[in-house]
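Welcome, and thanks for opening the viewer. Please load the model below and keep the selection tool handy.

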Amino acid sequence: MTLRAVFKSWIDHYFSDEEAVILLVVLVLGFAAVIWFGRMLAPFFIALVIAFLLQGAVSWLERRGVPHLLAVILVFLGFLGMLMAMAFILLPLIWNQLVSLVQEAPRMFASGQQLLDDLQERYPNLVTPDQIQSWIGVAGREMTQFGQRALTLSLASLGNVIALIVYLILVPILVFFMLKDRDTLVAFMVSLLPQQRTLMTRIWQEMDDQIANYVRGKFIEIIIVGTVAFLTFAFFGLPYSALLAVMVGFSVLVPYIGAAVATLPVAAVAGFHFGMTDEFLYVVLAYGVIQALDGNVLSPILFSEAVNIHPVSIILAILFFGGIWGFWGVFFAIPLATLLKALVYAWPRGIKKRQKNEAVESLAEE
């Protein structure tokens with residue numbers, strides 16, 4: 001069989017149905033629009049995600065007899081209250097702790113160097129002076145690069161402030177109208193699709209609840225894990241507890257990898273602050289308990305209806321979509337992987353040939 005015949009057979013097998021071709025075109029155009037115009041349309045996409053999160057609360061109020069407009073106003077006011085609390089309470093606290101951490105970094109670096117010298121004196125056969133100098137050189141280069149990135153960030157702060165102001169104005173306005181006119185906007189988007197969309201409707205119905213449950217569940221997981229981590233670190237008197245808690249909360253976005261990555265700064269800060277004492281072991285043990293409860297109790301409860309995806313597929317999705325869209329690619333890596341899995345299982349294969357064979361068989365029977 002020639003290569004042309006193989007390719008033609010493959011096309012006939014997967015694209016013999018017109019709706020499959022239309023769905024492929026819609027997917028390609030959608031991904032291309034997000035990749036090429038994602039930065040330009042970032043406020044719209046952020047507002048869409050937030051509206052998606054808040055729609056569950058609006059629907060909950062409507063099911064209890066609250067009029068649609070009043071439900072939208074109540075949920076929107078709650079969203080604004082959370083936004084104001086973050087802007088005036090949480091963000092300044094995190095920023096102050098980040099500045100303090102940067103200022104204390106040289107002292108931590110010196111303490112780490114002293115720890116390496118002590119290790120070399122205790123275990124001269126395991127840790128050689130050349131290894132210590134190599135580790136110190138790597139750490140010094142990392143500190144220099146971190147300082148350069150911080151300087152670059154400060155020089156570009158004016159543009160970031162302007163962008164932040166634009167986001168703070170546009171995003172809430174978009175969120176309000178997306179919630180208020182949801183049915184109108186959805187009807188308009190549906191009207192742009194072809195009339196024959198059985199395949200797209202089936203895939204959307206399969207994915208709608210799963211994506212909504214995942215996004216809301218992941219948001220709740222971030223809040224719970226971050227809050228518990230903050231209370232735990234504050235109880236032990238660990239410095240930079242708010243900054244570390246935010247990092248631990250967002251680490252749940254990256255399954256398997258996030259928990260391991262977040263362990264390093266938590267252990268480093270605890271080690272520099274407490275030394276190799278019982279308090280250090282208590283902090284590390286408490287952090288391990290938080291991660292164990294999140295992975296074995298909280299996640300199964302929040303994502304009990306999620307589609308099972310192999311860990312290798314999850315990691316590949318995180319690497320691929322995170323490399324394309326950064327933070328939002330990591331956030332939506334699992335829903336996008338679930339979407340691809342649904343497409344693979346629902347994609348029509350050789351429908352034309354099966355329909356033709358069935359018609360021939362029915363005629364022969366007659």
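This tour starts with the whole chain, moves to one helix, and then visits the salt bridges.

**Stop 1: the whole chain**

Before selecting anything, keep in mind that you are looking at a predicted model. Show the chain as a cartoon and colour it by secondary structure: you will find 14 helices and zero strands. Switch to a surface next. The chain exposes about 23400 Å², and carbon and sulfur atoms supply 71% of that area. Of the 366 residues, 30% count as buried. Now turn on contacts: among those with a separation of 6 or more, 72% are between residues 24 or more positions apart.

**Stop 2: helix α3**

Select residues 42–63, which make up helix α3. Try the distance tool on the C-alpha atoms at its two ends: they are 32 Å apart, in agreement with the 32 Å expected for 22 residues at 1.5 Å a residue. Next, centre the view on L54. Here α3 has a kink of about 30°, and L54 is also one of the buried residues of the helix. Other buried residues in α3 include A42, P43, I46, V49, Q55 and L61. Step past the end of the helix to G65, which follows α3 and has a positive phi, near 90°.

**Stop 3: the salt bridges**

Side chains of opposite charge can pair when their charged atoms come close. How many salt bridges are there to visit? The count comes to three.

Begin with K180 and D181, shown as sticks. Their closest N and O atoms are 3.2 Å apart, forming a salt bridge. K180 counts as partly exposed because its relative accessibility is 32%, and D181 is partly exposed too, at 24%.

Move along to R182 and D183. This salt bridge has its closest N and O atoms 3.7 Å apart. Is D183 buried or exposed? D183 is exposed, because its relative accessible area of 60% is over the 50% cut-off. Its partner R182, at 38% relative accessibility, counts as partly exposed.

**Stop 4: inside helix α8**

For the last stop, select residues 198–235, helix α8, and pick out K218 and E221. Their side chains meet in a salt bridge, at 3.1 Å from N to O. Look along the helix to see how they are placed: K218 and E221 are three residues apart, about one turn of the helix. Both K218 and E221 are buried, so hide the surface to see them, given that buried means under 20% relative accessible area.

Terms used: Residues numbered from 1 in each chain as written. Predicted model: local features only at pLDDT ≥ 70, side-chain atom pairs only at ≥ 80, totals over all residues. Heavy atoms only, no water. Helix = DSSP H or I, 4+ residues; strand = E, 2+ residues; numbered from the N terminus. Expected span 1.5 Å × (residues − 1). Bend = angle between axes of the 7 residues up to and from the residue. Buried < 20%, exposed > 50% of the residue type's maximum accessible area, 1.4 Å probe, protein only. Salt bridge = Lys/Arg side-chain N within 4 Å of Asp/Glu carboxyl O. Contact = heavy atoms within 4.5 Å. Areas by Shrake-Rupley, 256 points an atom, 1.4 Å probe, with all protein chains shown as cover.
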